[in-house]
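Subject: Structure for you to look at

Hi,

Here's the structure I promised to pass on. Have a look at it first, and then read my notes underneath.

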Amino acid sequence: MTTFNKNFLEVENFLNPEEQQELINYLCKPNFPWCFTHDAVRGITDKIIIHDDSIVGMFHTFVYDGNVVSPFYDDIKWIFSKFESIGLADRPLMRIRAGMFFKHPDHGSHPAHVDANGVNHTTAVYYVNDCDGDFYLYEEKDSDYPFKRPLEYTIKKVATPSQGKLVVFNGDHYHASSYPNRSAIRLAITFNFLP
């Protein structure tokens with residue numbers, strides 16, 4: 001058993017090949033309800049303004065603020081037993097969100113962010129498909145900048161998505177995704193665990 005130590009963990013084939021394909025089939029079936037987001041990083045507001053730099057994509061939220069908000073939650077909860085292998089299965093879930101980005105010419109990273117400002121949490125990102133669109137983890141922490149954002153970021157780790165990979169890190173660290181430039185889609189599920 002590899003236990004997450006509050007720093008950074010990268011696990012290849014977190015799900016076995018059959019489970020990986022089951023998840024792809026489930027999330028990519030024609031009647032799975034994906035929602036459009038005009039800004040996948042900065043979040044949804046009451047006033048929708050689509051800027052040239054908006055990070056557009058699709059998402060589906062299964063759990064929000066610790067509450068199940070999707071009727072499709074029961075279909076994916078089997079994944080949680082897999083978190084036993086890294087010592088996270090007994091922690092309460094704060095959020096589960098599937099996200100999809102489409103092929104895009106932008107080669108840069110998205111804006112750095114934390115998933116929950118001021119909340120002690122662990123973040124796990126599961127990559128559903130093989131794709132480009134690297135993940136960036138930064139040295140800077142939300143707790144070091146309680147009332148402002150860092151002006152610059154220092155890369156701590158870079159992870160390239162691959163089908164079945166799980167990346168786990170201290171949710172206090174700023175991090176960023178990026179668009180795929182060669183792959184048709186970049187499909188991931190983010191799990192936020194409370195201590």
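Below is what turned up, starting with the whole protein and moving on to single residues.

One thing to keep in mind: this is a predicted model.

**The whole protein**

The protein is built from 2 helices and 11 strands. If you walk along the sequence, the order is β-α-β-β-β-α-β-β-β-β-β-β-β.

How does the radius of gyration fit with a compact globule? For 195 residues, such a globule would come out near 16 Å, and the protein has 16 Å, so the two agree. The C-alpha trace spans about 40 × 35 × 30 Å along the principal axes.

Buried residues make up 49% of the 195. About 10,000 Å² of the protein is exposed, and 51% of that comes from carbon and sulfur atoms. If you take contacts between residues at least 6 apart in sequence, 81% of them join residues at least 24 apart.

As for charge, there are 18 positive and 25 negative ones, and their mean positions are 1 Å apart.

**The cysteines**

A quick reminder: a disulfide is a covalent bond between the sulfur atoms of two cysteines. How many does this structure hold? The count is 0. Take Cys35: the closest cysteine sulfur belongs to Cys28, and because it is 15 Å away, that is too far for a bond. Cys131 isn't in a disulfide either, with its nearest cysteine sulfur, again that of Cys28, 11 Å away.

Are these two buried or exposed? Cys131 has a relative accessible area of 9%, so it counts as buried. Cys35 has 36%, which means it is partly exposed.

**Arg95**

Find strand S5, which covers residues 93-102; Arg95 sits in it. Arg95 has a relative accessible area of 16%, and since the cut-off for buried is under 20%, Arg95 is buried.

Which residues does Arg95 contact, once you set aside neighbours within four places in sequence? They are Val63, Tyr64, Asp115, Thr190, Phe191 and Asn192. Tyr64 is a nice one to click on: it is 31 residues from Arg95 in sequence, yet their C-alpha atoms are 4.6 Å apart in space.

**Glu19**

Next, go to helix H1, where you'll find Glu19. Is Glu19 buried or exposed? Its relative accessibility is 14%, so it counts as buried. Leaving out residues up to four places away in sequence, Glu19 touches Trp78 and Lys82. You can also compare Glu19 with Ile79: the two are 60 residues apart along the chain and 9.0 Å apart in space, C-alpha to C-alpha.

**Two loop residues with positive phi**

Last stop, the backbone angles. Asn13 isn't a glycine, but its phi is positive, at about 50°. You'll see Asn13 in the loop that links strand S1 (8-11) to helix H1 (17-27).

Asp65 is another residue other than glycine with a positive phi, near 55°. Asp65 belongs to the loop between strand S3 (57-64) and strand S4 (67-68). With a relative accessible area of 58%, Asp65 is exposed.

That's everything from my side. Have fun clicking around!

Cheers

How values were computed:
Residues numbered from 1 in each chain as written. Predicted model: local features only at pLDDT ≥ 70, side-chain atom pairs only at ≥ 80, totals over all residues. Heavy atoms only, no water. Helix = DSSP H or I, 4+ residues; strand = E, 2+ residues; numbered from the N terminus. Rg over C-alpha atoms; globule rule 2.2 N^0.38 Å. Buried < 20%, exposed > 50% of the residue type's maximum accessible area, 1.4 Å probe, protein only. Contact = heavy atoms within 4.5 Å. Areas by Shrake-Rupley, 256 points an atom, 1.4 Å probe, with all protein chains shown as cover. Lys, Arg positive; Asp, Glu negative; His and termini not counted. Charge placed at Lys NZ, Arg CZ, Asp CG, Glu CD. Disulfide = S-S within 2.5 Å.
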